[in-house]
Amino acid sequence: MAGTKNHDYHILPPDIWPLIGSISAVTFTSGMVLYMHELANWQIVLGLGIAGLIATFFSWFSNIVKEAQGGYHTPVVQLHMRYGMILFIASEVMFFAGWFWAWFDFSLFPSTISEVVGGQFPPVAIEAVMNPFDLPLLNTLILLCSGTTVTWAHHSLIHGDRDGLKKGLWLTVLLGVLFTSIQAYEYWHAPFEFGGNTYSSAFYMATGFHGFHVLIGTIFLIVCLRRAYLGHFTPRQHFGFEAAAWYWHFVDVVWLFLFVVVYVWGGWGAPVH
């Protein structure tokens with residue numbers, strides 16, 4: 001019969017959302033550039049970009065979910081999707097490697113920075129740093145616990161325990177929200193502001209981007225929780241949840257490096273807030 005599928009691959013039909021997503025991404029970045037240069041109408045451009053990206057996420061991702069439920073994600077397709085997720089996480093590793101590189105450059109070679117006096121890092125402009133063994137340590141324990149709960153959820157799914165899957169996801173989402181809330185409180189009461197010197201700029205960019213990744217990962221897990229209640233995942237086919245779990249573990253590992261390098265080692269010997 002014509003049109004009968006007799007292979008393991010997923011041939012996608014034409015879709016407008018990749019084009020809309022690309023245009024929205026360019027519009028979003030253009031709005032950010034206009035905002036940074038304080039040019040007129042940046043709110044409109046930025047708002048259109050954000051609206052387009054959100055619409056793309058909802059529509060494109062919902063199509064992927066429908067494809068998964070329709071049986072299009074065969075074992076071969078799932079394998080290739082795993083390769084894609086691995087490459088995406090690898091690109092994220094290199095993204096954070098850039099921030100760590102900047103941090104080590106500033107801290108190990110402070111004499112090359114004009115704002116640093118007497119080879120001191122953090123610079124003298126930083127009167128106090130975050131106490132690493134206060135809220136940062138608490139957030140470290142929270143993320144480590146969340147890694148345990150998401151693993152529990154995955155283990156429960158593999159063994160057909162849907163109740164354990166839901167409980168593990170609920171706990172992971174709540175821990176992610178708690179981490180974000182504590183980080184927001186920490187930023188609000190920070191002893192130094194964003195910008196003005198290399199220490200504060202690198203600190204907020206590295207930890208802030210990580211916080212953004214935690215937020216994205218939490219949304220990712222909320223979608224998985226919703227799909228768990230809809231009965232979408234099975235022990236043999238649950239790549240959407242598996243990808244979310246991989247991403248969450250990546251976020252956990254990055255935070256461990258940030259805690260040790262930025263909070264503990266980066267502010268060693270400086271007065272704490």
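**Exercise 1. State where Lys167 and Asp163 lie and how far apart they are in sequence.**

Solution. Lys167 and Asp163 are both part of helix α5, which covers residues 162-188. They are four residues apart, or about one turn of the helix. The model is a predicted one.

**Exercise 2. Decide how the side chains of Lys167 and Asp163 interact, and classify the exposure of Lys167 and of Asp163.**

Solution.
- Step 1. The cut-off for a salt bridge is a side-chain nitrogen of Lys or Arg within 4 Å of a carboxyl oxygen of Asp or Glu.
- Step 2. The N to O distance for Lys167 and Asp163 is 3.2 Å, and the two side chains form a salt bridge.
- Step 3. Buried means under 20% relative accessible area and exposed means over 50%, with partly exposed in between.
- Step 4. Lys167 has a relative accessibility of 42% and is therefore partly exposed. Asp163, at 45%, is also partly exposed.

**Exercise 3. Find the salt-bridge partner of Arg82 and work out which parts of the chain the pair ties together.**

Solution.
- Step 1. The partner is Glu242; the closest N and O atoms of the pair are 2.6 Å apart.
- Step 2. Arg82 belongs to helix α3 (residues 75-108), and Glu242 to helix α7 (residues 239-265). The salt bridge therefore ties together parts that are 160 residues apart in sequence.
- Step 3. The relative accessible area of Arg82 is 22%, so this residue is partly exposed. Glu242 has 12% and counts as buried.
- Step 4. The total by the salt-bridge rule is two.

**Exercise 4. Describe the secondary structure and the extent of the protein.**

Solution.
- Step 1. The assignment gives seven helices and zero strands.
- Step 2. In sequence order the pattern is α-α-α-α-α-α-α.
- Step 3. The C-alpha trace spans about 80 × 45 × 30 Å along its principal axes.

**Exercise 5. Characterise the burial, contacts, surface and charge distribution of the whole protein.**

Solution.
- Step 1. The protein has 273 residues, and 39% of them count as buried.
- Step 2. Among contacts with a separation of 6 or more, 77% join residues 24 or more positions apart.
- Step 3. The exposed area is about 15,500 Å², of which carbon and sulfur atoms supply 71%.
- Step 4. There are 9 positive and 15 negative charges, and their mean positions lie 24 Å apart.

Key:
Residues numbered from 1 in each chain as written. Predicted model: local features only at pLDDT ≥ 70, side-chain atom pairs only at ≥ 80, totals over all residues. Heavy atoms only, no water. Helix = DSSP H or I, 4+ residues; strand = E, 2+ residues; numbered from the N terminus. Buried < 20%, exposed > 50% of the residue type's maximum accessible area, 1.4 Å probe, protein only. Contact = heavy atoms within 4.5 Å. Areas by Shrake-Rupley, 256 points an atom, 1.4 Å probe, with all protein chains shown as cover. Lys, Arg positive; Asp, Glu negative; His and termini not counted. Charge placed at Lys NZ, Arg CZ, Asp CG, Glu CD.
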